[in-house]
Amino acid sequence: MTAQRPTAEPSVPRGGSDVKERSTLSIIEGAVGSFMMFFGSLGVGWLASVSELRRWPLLIFLRVELVGVVLSVILLALGGMILVRAWLRLGQQFTVWGAEARRATLTAIVAWGAPLALSIPLFSRDVYAYIAQGKVMVNNLNPYVDGYDQLQNYLQTGADDLWARSPTPYGPIFLWLEEFIVWLSGGHPEYSIVMFRILAIAGAAMCVYYGPKLAELHGINPNRALWLACANPLFLTTFIASIHNDALMLGLALAGLYYAATRRVLLGILLVTLSIAIKPITLIFLPFIGLLWAGKGASWPRKFGYWALTAGLSFGLLAVMGVINGLGFGWVGALSQQGAGLMIWYAPVGLLGILLGLISGGLGFDGAFVQAAVYTAGKVAAVLIVLYTMFRGSYDRIVRRLALALAAVVLLGPMIQPWYIVWLLPLFAATGIRNDWQVRTVYAVTSFLMIYAITDQLDIFPYIEFDLDMARLLAGIVAVAFALYLVFLDPKTRKLFRKKYADADDQRLF
């Protein structure tokens with residue numbers, strides 16, 4: 001793959017100071033939204049039951065008093081949607097994405113991410129599961145066999161009871177990180193959260209650095225790719241506010257992919273293997289790295305040889321890690337059990353399975369069997385698409401083929417979490433998202449998943465008259481109303497969702 005670096009361009013073809021002023025206003029708008037989310041997190045973000053923060057007078061008011069809880073829900077929902085608008089408006093300021101656009105986008109990422117980095121965990125309790133799994137490791141239990149329900153008073157850690165009896169699906173590197181953080185913090189929830197968030201920010205920073213570099217290799221403007229993928233509110237909230245280990249996983253994978261594409265393949269394999277040792281989903285990167293290593297015009301025997309060599313090196317490193325921690329490849333079995341039978345209503349395969357299951361059950365057939373068959377068919381289809389992208393396509397489109405393969409795995413599963421979509425953003429942005437239905441799809445999916453995140457997981461004190469269902473309803477009304485305003489009423493953003501907005505000049509891959 002040959003590097004194609006875009007020529008230097010002025011970022012502002014019309015009224016430079018005017019555009020700079022408007023981009024600054026968009027950055028400020030997003031920072032306001034992010035700060036609103038921070039304040040909302042104080043009232044409805046996830047806290048462990050033993051957290052010392054629960055004794056702070058301000059948090060007592062925001063989490064226990066009706067006025068405080070309602071205010072927190074509104075701040076969170078409104079702030080999240082203001083952040084979406086700021087991201088859309090920032091992208092409107094630049095028709096040519098040069099140096100000024102890069103500075104503005106990087107400033108936005110920092111300004112919007114900083115308040116989220118100070119927030120109480122939002123939209124997910126996974127970080128508390130990391131703490132609990134770290135305690136499993138510290139207590140010399142096998143996390144691939146023993147769930148954190150083996151710990152005394154495990155519910156006090158803040159982890160979701162849904163996964164308490166499940167083996168961890170994470171690889172050896174992340175287990176060591178969990179163990180080290182719990183050992184260093186003594187299991188203190190807030191200290192542990194700070195350290196896990198530092199890891200997440202490090203992963204996000206790698207995405208910010210390597211995503212644009214991958215875009216340059218494909219002749220795609222790196223600054224627009226950076227805005228689409230890393231200034232994206234979904235990226236910032238799921239990686240920084242929610243503290244998902246997917247940030248570190250994806251950052252390492254993008255770094256490895258970049259080095260493999262620039263002929264530093266051994267370093268690339270090492271980094272992707274480290275990513276696999278965080279979460280094994282990035283195993284899907286290996287066959288495409290093998291193709292990069294084989295080179296352009298490689299024969300099929302050469303491709304198979306480099307596939308075998310790539311897999312051998314990666315699995316060899318993973319085997320060494322398994323020997324060191326004494327757990328081997330236990331994560332393979334744990335991964336097969338994780339999320340079995342789970343689905344979500346907005347996943348196409350998940351929704352289809354439910355509908356066909358209900359219909360077949362109503363007709364006297366085994367609805368559960370039909371539903372499971374649909375899910376299995378989706379997985380089989382995903383495998384076939386992955387194989388197709390491995391064997392068909394040009395050398396210059398290897399990273400795009402990888403993006404399509406990963407998208408098939410994500411979109412044909414019965415469960416699609418918001419952060420799964422974030423896996424795809426840097427790969428598609430780096431290989432080209434046109435300013436037509438493609439970018440409008442990114443706008444729509446980002447807006448929808450932000451609404452879902454805002455309304456899905458709220459930590460509501462159970463002993464007040466304002467219960468979880470009412471909180472979700474309020475958050476949903478605020479978020480949906482704001483989204484409708486953006487799409488239909490806002491004079492600045494509504495044109496972004498219209499087909500006629502993309503003119504002939506905008507069809508280029510910027």
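This section describes the overall form, salt bridges, aromatic contacts, surface patch and backbone outliers of a predicted model.

The protein consists of 20 helices and has zero strands. Along the principal axes, its C-alpha atoms fill a box of roughly 65 × 60 × 60 Å. The radius of gyration is 23 Å, which agrees with the value near 24 Å that a compact globule of 510 residues would have. Of these 510 residues, 57% count as buried.

Side chains of opposite charge can pair when their charged atoms come close. The structure holds nine salt bridges. Two of the pairs share Asp459. In one, Asp459 meets Arg54 at an N to O distance of 3.5 Å. Arg54 is in the loop between helix H1 (16–44) and helix H2 (57–64), while Asp459 is in the loop between helix H19 (437–456) and helix H20 (468–489), so that the pair links distant parts of the chain, 405 residues apart. In the other, Asp459 forms a salt bridge with Arg63, and the closest N and O atoms are 2.7 Å apart. Because Arg63 lies in helix H2 and Asp459 in the loop between H19 and H20, this pair ties together parts that are 396 residues apart in sequence. The environments of the three side chains can be set out in turn. Asp459 counts as buried, at 14% relative accessibility, and Arg63 is buried as well. Arg54 counts as partly exposed because its relative accessibility is 29%, a value between the limits of 20% and 50%.

A further salt bridge joins the side chains of Arg103 and Glu100, at 2.8 Å from N to O. Both residues belong to helix H4 (residues 99–117); being three residues apart, Arg103 and Glu100 are separated by about one helical turn. Glu100 has a relative accessible area of 14% and is therefore buried, the cut-off being under 20%. In addition, a network of salt bridges links Glu29, Arg85 and Asp490.

A search of the whole structure for aromatic pairs finds 33. One of them is formed by Phe180 and Trp183, with 5.9 Å centre to centre and 35° between the planes, a tilted arrangement. The two residues lie in helix H6 (residues 172–185), three residues apart, about one turn of the helix. Phe180 is partly exposed, at a relative accessible area of 45%, whereas Trp183 counts as exposed at 59% relative accessibility. Elsewhere, Trp87, Phe94, Trp97, Trp227, Tyr443 and Phe497 are linked by ring pairs into a cluster.

Contacts between a charged group and a ring also occur. The charged end of Arg125 sits over the ring of Trp46, at 4.5 Å from the ring centre. Lys303 lies over the face of Trp300, and here the distance to the ring centre is 4.1 Å.

Trp300 is also part of a nonpolar patch on the surface, together with Phe304, Val380, Val383, Leu384, Leu387 and Phe391. The accessible area of these residues together is about 640 Å². The elements that give two or more residues to the patch are helix H13 (300–325) and helix H16 (367–391). The largest share, five residues, comes from H16. Among the patch members, Val383 lies in helix H16 and is partly exposed, with a relative accessible area of 48%.

Most residues other than glycine have a negative phi. Asn140 departs from this pattern, with a positive phi near 60°. Asn140 is found in the loop between helix H5 (126–138) and H6, and counts as exposed at 69% relative accessibility. Ile243 likewise has a positive phi, of about 60°, although it is not a glycine. The position of Ile243 is in the loop between helix H9 (233–241) and helix H10 (246–261). Ile243 counts as buried, at 2% relative accessibility. Both positive phi values thus occur in loops, with Asn140 exposed and Ile243 buried.

Note on methods: Residues are numbered from 1 along each chain as its sequence is written. This is a predicted model: local features need pLDDT of at least 70, side-chain atom pairs count only at pLDDT 80 or more; totals for chains, interfaces and linings use all residues. Side-chain values use heavy atoms; hydrogens and water are left out. Patches are made of residues with over 30% relative accessible area and no salt bridge: like charges are joined within 9 Å, nonpolar side chains (Val, Leu, Ile, Met, Phe, Trp, Tyr) within 5 Å. Accessible areas come from the Shrake-Rupley method with a 1.4 Å probe; for residues, only the protein chains shown count as cover. A salt bridge is a side-chain nitrogen of Lys or Arg within 4 Å of a carboxyl oxygen of Asp or Glu. Helices (H or I, at least four residues) and strands (E, at least two) are DSSP runs, numbered from the N terminus. Buried means under 20% relative accessible area, exposed over 50%, partly exposed in between (1.4 Å probe, protein chains only). Rings of Phe, Tyr and Trp (its six-membered ring) pair if their centres lie within 6.5 Å; planes under 30 degrees apart count as stacked, over 60 as edge-to-face and the rest as tilted. A charge sits over a ring if NZ of Lys or CZ of Arg is within 6 Å of the ring centre and within 35 degrees of the ring normal. The radius of gyration is taken over C-alpha atoms; the globule rule is 2.2 Å times the number of residues to the power 0.38.
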